[in-house]
Amino acid sequence: RRLQTLHAGDLMGWSWIFPPYKWTFDLVALEDSSAVALDGACLRKKCDENPTMGYQLMKVFAQIMSNRLRATRLQLMDVYRHD
């Protein structure tokens, strides 16, 4: 079941933030795409070394997660609504 469609410039994946640091969703590209992968362990270390940067980064990802959760909730409500 498709939950969301991402577009150019959208961020995907936050498994690097939370243990056990494993990807939990599938992603399917519907057309030729490119992506940038970051080293999660290195990024966590940088956040630990610079809490101000880590906090700013967490605010960005928390907003993305909140928006995606809200969108998924609305989509599921639509799928399971009773007419």
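**Figure 1. The buried residues of helix α1 pack against helix α2.** Welcome to the first close-up of this predicted model. Helix α1 covers residues 40-49, and its buried residues are G40, L43 and C47. Viewed down the axis of α1, these buried residues fall within an arc of 65 degrees, so they line one face of the helix. An α-helix has 3.6 residues a turn, so residues three or four places apart point the same way. The partner helix, α2, spans residues 51-80, and its own buried residues pack against α1 in return.

**Figure 2. D39 caps the N-terminal end of α1.** Look here for a side-chain oxygen of D39 and the backbone nitrogen of A41, which lie 3.1 Å apart. Just beyond the cap is G40, one of the buried residues of α1. G40 is also among the residues that W16 contacts.

**Figure 3. K45 and E49 form a salt bridge within α1.** The nitrogen of the K45 side chain and the oxygen of the E49 side chain are 2.7 Å apart. Both residues belong to helix α1 and sit four residues apart, about one turn of the helix. If you are counting along with us, the total for the model is one salt bridge.

**Figure 4. C47 is a buried residue of α1 with contacts further along the chain.** C47 is found in helix α1, and its relative accessible area is 15%, under the 20% limit, which means that it is buried. Setting aside residues up to four places away in sequence, C47 touches M53, G54 and L57. Of these partners, G54 is itself buried in α2, and L57 is also in contact with W16. To help with scale, the C-alpha atoms of C47 and K59 are 12 Å apart, with the two residues twelve places apart along the chain.

**Figure 5. Five residues make up the largest nonpolar core.** The members to find are W16, I17, L43, F61 and M65. L43 is a buried residue of α1, while F61 and M65 are buried in α2. W16 is a good place to start exploring: apart from its neighbours within four places in sequence, W16 is in contact with Y21, G40, L43, R44, L57 and F61. Two of those contacts, L43 and F61, are fellow members of the core.

**Figure 6. A cis peptide bond and a positive phi occur in the segment before α1.** The cis bond joins P19 and P20, with omega about 10 degrees. P20 is placed in the segment before α1, and so is Y21. Y21 is not a glycine, yet its phi is positive, at about 60 degrees. For context, most residues other than glycine have a negative phi, and most peptide bonds are trans. The relative accessible area of Y21 is 36%, which makes this residue partly exposed. Y21 also appears among the contacts of W16.

**Figure 7. G13 is a buried glycine in the segment before α1.** With 19% relative accessibility, G13 counts as buried, because the limit for that class is under 20%. Leaving out residues up to four places away in sequence, G13 touches W23 and F61. The second of these partners, F61, also belongs to the largest nonpolar core. G13 and D26 are 13 residues apart along the chain, and their C-alpha atoms are separated by 10.0 Å.

**Figure 8. Helix α2 has a span close to the expected one.** From its first C-alpha to its last, this helix of 30 residues reaches 42 Å, close to the 44 Å expected at 1.5 Å a residue. Its buried residues are G54, F61, I64, M65, R68 and T72. Together, the buried residues of α2 pack against α1.

**Figure 9. T72 and L69 show buried and exposed positions in α2.** T72 lies in helix α2 and, at 16% relative accessibility, counts as buried. Not counting residues up to four places away in sequence, T72 touches L3 and Q4. L69 is found in α2 as well, but its relative accessibility of 61% makes L69 exposed. The C-alpha atoms of L69 and L6 are 14 Å apart in space, although the two residues are separated by 63 places in sequence.

Terms used
Residues are numbered from 1 along each chain as its sequence is written. This is a predicted model: local features need pLDDT of at least 70, side-chain atom pairs count only at pLDDT 80 or more; totals for chains, interfaces and linings use all residues. Side-chain values use heavy atoms; hydrogens and water are left out. Buried means under 20% relative accessible area, exposed over 50%, partly exposed in between (1.4 Å probe, protein chains only). Helices (H or I, at least four residues) and strands (E, at least two) are DSSP runs, numbered from the N terminus. The arc is that of the directions from the helix axis to the C-beta atoms. Contact means heavy atoms within 4.5 Å. A polar contact is a pair of N or O atoms within 3.5 Å; within protein, one must be able to donate a hydrogen and the other to accept it, and residues adjacent in sequence count only if both atoms are side-chain atoms. A nonpolar core is a set of buried Ala, Val, Leu, Ile, Met, Phe, Trp, Tyr and Cys residues joined through side-chain atoms within 4.5 Å. A salt bridge is a side-chain nitrogen of Lys or Arg within 4 Å of a carboxyl oxygen of Asp or Glu. The expected span of a helix is 1.5 Å times one less than its number of residues.
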